[in-house]
Amino acid sequence: MHRPGATMACNVFKFCTALRGLGSVMILMVLAIVGVTYYAVVVNNYGPVLFAAGGFSSLTAFGVLVLFHGLLFMLLWSYFSVVFTDPGNVPPSWRPVVDEEVGESIPLASIDFNNPILTVHQSTLVSDLGDPRKRFCRKCNQFKPPRCHHCSVCGRCILKMDHHCVWVVNCVGALNYKFFLLFLFYTFLETMLVTLSLLPHFIAFFNDGEIPGTPGMLATTFLTFVLNLAFALSVLGFLIMHISLVIGNATTIEAYEKRTNQKWRYDLGWRRNFEQVFGLDKKCWLIPTYSNDDLRRIPALHGLEYPAKPDVDAQDW
């Protein structure tokens with residue numbers, strides 16, 4: 001008998017294969033958008049004003065260009081940190097000590113205990129209280145740490161997986177989530193700056209007066225304004241969503257898949273939740289890196305250990 005679910009799964013995996021094929025195309029698209037924006041802001045509009053106008057206009061152009069280049073540097077630094085930082089692999093030798101996520105575990109059949117990977121620490125699968133089920137990925141053939149999920153696009157398990165982002169051609173997980181948030185933050189600031197700085201030129205399109213520049217320059221300015229306004233609005237919504245997730249210490253997957261109960265065992269208060277993503281060192285909060293002290297004293301930054309509320313039972317979530 002034909003099963004609709006099987007067809008759906010097949011189509012999903014075909015879609016995942018197509019996402020893998022995007023590869024560097026998305027990176028080139030991001031760089032192309034940055035290039036068009038740079039040409040419109042620096043070359044077309046504010047660069048000439050800086051050296052020709054003088055007075056207040058030159059001072060305004062100088063301020064816009066300084067902010068533009070500073071935010072662009074931080075945006076690209078954060079972006080490529082997300083692209084080239086591994087989101088987090090499960091160490092081959094990792095084994096569960098306690099039952100971390102009963103709600104997501106897959107019952108093990110008797111044939112599973114013949115699997116050499118399972119029988120290495122078979123004794124840990126049985127406790128005095130019964131037979132707790134560990135989270136095991138049958139695709140990777142390995143145990144899954146807490147908050148770890150399998151990514152069908154990457155073809156592997158990702159520590160504290162949030163989602164697979166086509167714009168960065170990478171998964172967003174435990175080791176690069178902070179960099180992704182900073183990428184969103186600086187993208188919003190940069191696109192808002194571009195939108196506001198090009199707003200007078202955009203308004204001039206609809207006035208009767210003569211507008212300086214070639215048709216190509218005018219079209220580039222118009223396109224850049226529309227693109228940056230659209231990105232600013234969309235990124236703002238995305239940024240607000242992720243800020244709420246950081247405050248509640250949840251990932252996108254956890255928010256939509258498991259949080260049916262108000263009790264969430266990893267929610268330790270907004271301050272400690274924030275520190276698990278950005279660290280304790282304030283000097284590193286706004287740059288895509290961590291201090292050595294934070295990496296040493298915060299195990300959650302490595303994606304394998306997460307403190308939880310002792311009074312929340314596994315069945316509550």
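Okay, quick definition before we start: when I say helix, I mean a DSSP run of H or I with at least four residues, numbered from the N terminus. And keep in mind that this is a predicted model.

So, the largest pocket. Helix 2 (24–52), helix 3 (55–84), helix 5 (177–204) and helix 6 (215–248) each put at least two residues into its lining. In volume, we're talking about 430 Å³ of space. The lining runs to 21 residues, and the ones nearest the centre are Val30, Phe183, Thr187, Phe231 and Val235. What does the lining look like by class? You get 15 nonpolar residues, five polar and one charged.

Okay, moving on to backbone angles. There are two asparagines I want to show you.

Asparagine 141 comes first on my list. You'll find it in the loop between strand 1 (136–137) and strand 2 (142–143). It isn't a glycine, yet its phi is positive, at about 60°. Is asparagine 141 buried or exposed? Well, neither: its relative accessibility is 30%, so it counts as partly exposed, because that class sits between the 20% and 50% cut-offs.

Then there's asparagine 249, over in the loop between helix 6 and helix 7 (252–257). Here phi is positive too, about 55°, and again we're not looking at a glycine. What about burial? Asparagine 249 has a relative accessible area of 3%, so this one is buried; the cut-off for that is under 20%.

One last link back to the pocket: helix 6, on one side of that asparagine 249 loop, is among the helices supplying at least two lining residues. That's what I've got, thanks.

Methods:
Residues numbered from 1 in each chain as written. Predicted model: local features only at pLDDT ≥ 70, side-chain atom pairs only at ≥ 80, totals over all residues. Heavy atoms only, no water. 1 Å grid on protein atoms, 1.4 Å probe; cavity = no way out; pocket = protein on both sides within 12 Å on 5 of 7 lines; lining within 4 Å. Points joined across faces, edges and corners; volume = space filled by probe spheres on them. Nonpolar A, V, L, I, M, F, W, Y, C, P; charged D, E, K, R; others polar. Buried < 20%, exposed > 50% of the residue type's maximum accessible area, 1.4 Å probe, protein only.
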